[in-house]
Amino acid sequence: MNGLTKGRSAVIIGAGQTGRGFVARMVASSDYRISFVDTSAEVVRRINEDGAYTIHYYNRERPPVRITEVGACLAGTGDATKAVAEADLVFTAIGESNLPSLAELLAQARLRRQESGSDGPLAIITCENGTAPARVLREALQTGFPEEARGIVVSESAIFCTTVNLPGTRLDILSEDYPELPYDGEALPGELGIPCLVPAERFPTLLRRKIYTYNCISACITYLGAFKDYKIYAEAANDPDVSGLLERLAEPLNRAISRTLGFDLEDQRRFSQRAVAKFSDYGIVDYVDKNARDVARKLGPDDRLIAPARMIMDTGGDPSVLTLTIAAALHYARRERESAAGGAAAAAFDPSAVLTGWSGLPADHPLVLRAIRHYADLERIGRGRDADWTPLTKGDDNGNLSGYGQPGGN
Ligand SMILES: NC(=O)C1=CN([C@@H]2O[C@H](COP(=O)(O)OP(=O)(O)OC[C@H]3O[C@@H](n4cnc5c(N)ncnc54)[C@H](O)[C@@H]3O)[C@@H](O)[C@H]2O)C=CC1
Ligand SMILES: O=P(O)(O)OC[C@H]1O[C@](O)(CO)[C@@H](O)[C@@H]1O
């Protein structure tokens, strides 16, 4: 225990699977008191009633970790502002697209801090899957609260740890045994007193690489797996059609990322192989639907499918595995709309309009045209594990999928 850090306070905004199940474990290994802020009254109530919960590992040989003496405040209350104002370190784990909604809370907390004479900056670390979560939060702060923004430092981290709620419990978590949280040490210099937090340089580039490799591969497993009607994530990853497509994706993706972001190709290959190996591990029980949430975000211009597909095209590779995944993601979005509207929205779903709206690409962009053709291919083949995917997976003489030819063609 580091005596210098004794009595410090950490606030984790977002008491969900990552906040409660991973970030808290990273912080609990140091001498910070932990409190949560969440919009869910139910989660806040449970944390305050129980004051503790357990993180179990997929690897049953590792003893579970008990997180104790925790409390929580409901977002939007004075208690939440007070907790953030008094915090030595604040984490967010609420989803990148929700970050702008924190600007007011953080600005009020900063003001309160100043008024109470404690003038140090409010230090935030985002724990979100996104390509630029710190920028998203900084921009919201600067737009809405330019004065207070000057006293708020925003760093970002990369989450490699899979966590799921443990069914049948109030707050317990099932977690991968991941030991550390890498974060942007240039944005937040200085000793934090939390050994599991590892500062890294060039962090915005590292985070983009993570989203465009690890989360890109994950999105392929998820949406292709969802179209085949898998529920368990590792089963989807081990499906022969899906794993064959991942193999086909690996080289163009690795070359594109290595060239565009400046990583050594061999190192990039190992990085992507590790991701595939993890996602194929039946011991890490994760769910297709959990990974499929928020399709609009995942089809955004800078996110895990569109940006790497463009990088692959720009470096002369075949982006068809990604355009097929984009098509499967559109089918997922359509099914979500249908079930929300009781089936009524089926006829109204225009995949091209949805994709151009989310991705920002024009309707005649080669990636959009390919994805829309794949959308029709998938419709023809039909859902389920027994559908014959040979027309989609066999590739042409040049190794391109579906005979769609070279990049730039459609
Ligand atoms: N669960 C996982 O395995 C992984 C999650 N992540 C990332 O972690 C972040 C959180 O994801 P999960 O924990 O899985 O989601 P989750 O849905 O389990 O938890 C999110 C929590 O944030 C709360 N929340 C939402 N908006 C809020 C706001 N404005 N203020 C306060 N609380 C708010 C929700 O009520 C919920 O309790 C996301 O950015 C996700 O991409 C990254 C890698 C792995
Ligand atoms: O909110 P997102 O971007 O789906 O991220 C969460 C997912 O990311 C992963 O770490 C990898 O896909 C999953 O374990 C997790 O469900």
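Helices, given as H or I runs of at least four residues, and strands, given as E runs of at least two, are DSSP runs numbered from the N terminus. On this basis, α1 (17–28) and β2 (32–38) each contribute at least two residues to the shell around ligand 1 in the predicted model. Helix α1 provides the largest share of this shell, namely three residues. The surroundings of ligand 1 comprise 26 residues, of which Gly-14, Gly-16, Thr-18, Glu-128 and Asn-129 come nearest. By residue class, the shell around ligand 1 consists of 13 polar, ten nonpolar and three charged residues.

A helix pair was also characterised. Helix α7 (residues 203–227) packs against helix α10 (residues 265–279) at an angle of about 40°, and the two axes are 9 Å apart. Because angles of 65 to 115 degrees count as roughly perpendicular and those under 35 degrees as roughly parallel, α7 is oblique to α10. The crossing of the two helices is right-handed. On the α7 side, the contact is formed by Thr-213, Tyr-214, Ile-217, Ser-218 and Ile-221, and on the α10 side by Phe-271, Ser-272, Ala-275, Val-276 and Phe-279. Seven of the residues in this contact are nonpolar and three are polar, with no charged residue.

With respect to confidence, the complex receives an ipTM of 0.98 and a pTM of 0.95 from the predictor. The chain has a mean pLDDT of 93, with 93% of its residues at 70 or more. Residues 1–6 have pLDDT below 50, and this stretch has ten contacts in the model beyond near neighbours in sequence. Residues 403–410 also have pLDDT below 50, with 15 such contacts. Where pLDDT is low, predicted coordinates should not be read in detail.

Technical notes:
Residues numbered from 1 in each chain as written. Chains lettered and ligands numbered in written order. Predicted model: local features only at pLDDT ≥ 70, side-chain atom pairs only at ≥ 80, totals over all residues. Axes fitted to C-alpha atoms, helices over the stretch in contact; angles between N-to-C directions. Parallel < 35°, antiparallel > 145°, perpendicular 65-115°, else oblique. Left-handed = near helix turned anticlockwise from the far one by under 90°. Contact = placed C-beta atoms within 7 Å. Nonpolar A, V, L, I, M, F, W, Y, C, P; charged D, E, K, R; others polar. pLDDT = per-residue confidence, 0-100. Near = placed C-beta within 6 Å.
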